[in-house]
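User: I should like to go through this structure by way of questions, each with a reasoned reply. Please begin once the sequence and structure are in view.

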Amino acid sequence: SKWFQMAQIPIYILCNSFFLGVAVAIIALINSDKAVQMKNVFRQTFRSYIYLFVAAGLSILLMSAFSIGYSFLIKRAAIIQSTSGIFYIIKRVVIEGAPYFNLLAAVVVTAMFAFVIPLIMLEKRKIFHALGENFKMLIRSFFFIFVVLLLPALLYVPILLLRSNNQALGE
């Protein structure tokens, strides 16, 4: 299980970045009423693969930075000695809220990179131009994109609640 967890990030970056590009190219062809020829789609995606790879890597780096920062926050909260009052409440929120904050961070990071892959695939932008245009587009639509991504993510909250209740019962 630990080996699988360690392999997830490289697999995501190597494979998912490519197949997200493939998906965007296929949807664009379908929307323009053009025939989908997988050989051409793979060729087009492969030409942009390094930019897709870097975009996926950047999103993973940003999520990892959040996780590392939050783990420091959890360590700091764990040393709080209070058993009541505001500091105790802060401690409980930080420690028990970790899965929810991670879910929220994943939604924010995904929203921050929402237009990068379409810009790379459809507008043939290189990574830095795609990132720049992405952030310009996000200024106008971040809240909408965030809500669109948050709504399906909220379906995962009951699972998080069940997990936390099972852990509480096990203690």
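User: How do the residues of the lining of the largest pocket divide into nonpolar, polar and charged?

Analyst: The model is a predicted one. In it, the largest pocket has a volume of about 830 Å³ and is lined by 28 residues. By residue class, this lining divides into 20 nonpolar, 8 polar and no charged.

User: Which element gives the most residues to the lining of the largest pocket?

Analyst: Among the lining residues, Tyr12, Ser59, Ile60, Ala106 and Thr110 lie nearest the centre of the pocket. The elements giving two or more residues to the lining are helix H1 (2-31), helix H3 (49-78), helix H5 (98-112) and helix H6 (116-122). The largest contribution, 10 residues, comes from H1.

User: How does the reach of H5 from its first C-alpha to its last stand against the span expected at 1.5 Å a residue?

Analyst: Helix H5 has 15 residues. Buried residues in H5 include Ala98, Leu103 and Val107. From first to last C-alpha the helix reaches 21 Å, which is close to the expected 21 Å.

User: Is Ser48 buried or exposed, and which residues does Ser48 touch?

Analyst: Ser48 lies in the loop between helix H2 (38-47) and H3. Its relative accessible area is 8%, and because buried means under 20%, Ser48 is buried. Leaving aside residues up to four places away in sequence, Ser48 touches Ile120 and Met121.

User: Which geometry does the pair of Phe18 and Phe19 have?

Analyst: A search of the whole structure finds 7 aromatic pairs. In the pair of Phe18 and Phe19, the ring centres are 5.3 Å apart and the planes stand at 85°. Planes over 60 degrees apart count as edge-to-face, so the pair of Phe18 and Phe19 is edge-to-face.

User: Which geometry does the pair of Tyr49 and Phe53 have?

Analyst: Tyr49 and Phe53 are 4 residues apart in helix H3, and therefore separated by about one helical turn. Their ring centres are 6.0 Å apart, with the planes at 45°. That angle is neither under 30 degrees nor over 60, so the pair is tilted.

User: How do Phe18, Phe19, Tyr49 and Phe53 class by relative accessible area?

Analyst: Phe18, Phe19, Phe42, Tyr49 and Phe53 form one aromatic cluster. Within this cluster, Phe18 has a relative accessible area of 15% and Tyr49 one of 19%; the cut-off for buried is under 20%, so Phe18 is buried and Tyr49 is buried. Phe19, at 47%, and Phe53, at 29%, fall between that cut-off and 50%. Phe19 is therefore partly exposed, and Phe53 is partly exposed.

User: What is the phi of Asp33, and where is this residue found?

Analyst: Asp33 is exposed, with a relative accessible area of 73%. Although Asp33 is not a glycine, its phi is positive, at about 55°. The residue is found in the loop between H1 and H2.

User: Is Lys124 buried or exposed?

Analyst: Lys124 lies in the loop between H6 and helix H7 (127-154). Lys124 has a positive phi of about 55° although it is not a glycine. Its relative accessibility is 51%, and because the cut-off is over 50%, Lys124 counts as exposed.

Key: Residues are numbered from 1 along each chain as its sequence is written. This is a predicted model: local features need pLDDT of at least 70, side-chain atom pairs count only at pLDDT 80 or more; totals for chains, interfaces and linings use all residues. Side-chain values use heavy atoms; hydrogens and water are left out. On a 1 Å grid over the protein atoms alone, a cavity is a set of points where a 1.4 Å probe fits but cannot get out, and a pocket is an open set with protein on both sides within 12 Å along at least five of seven lines; lining residues have an atom within 4 Å of a point. Grid points are joined across faces, edges and corners, and a volume is the space filled by probe spheres set on the points. Ala, Val, Leu, Ile, Met, Phe, Trp, Tyr, Cys and Pro count as nonpolar, Asp, Glu, Lys and Arg as charged, and the others, Gly among them, as polar. Buried means under 20% relative accessible area, exposed over 50%, partly exposed in between (1.4 Å probe, protein chains only). Contact means heavy atoms within 4.5 Å. The expected span of a helix is 1.5 Å times one less than its number of residues. Rings of Phe, Tyr and Trp (its six-membered ring) pair if their centres lie within 6.5 Å; planes under 30 degrees apart count as stacked, over 60 as edge-to-face and the rest as tilted.
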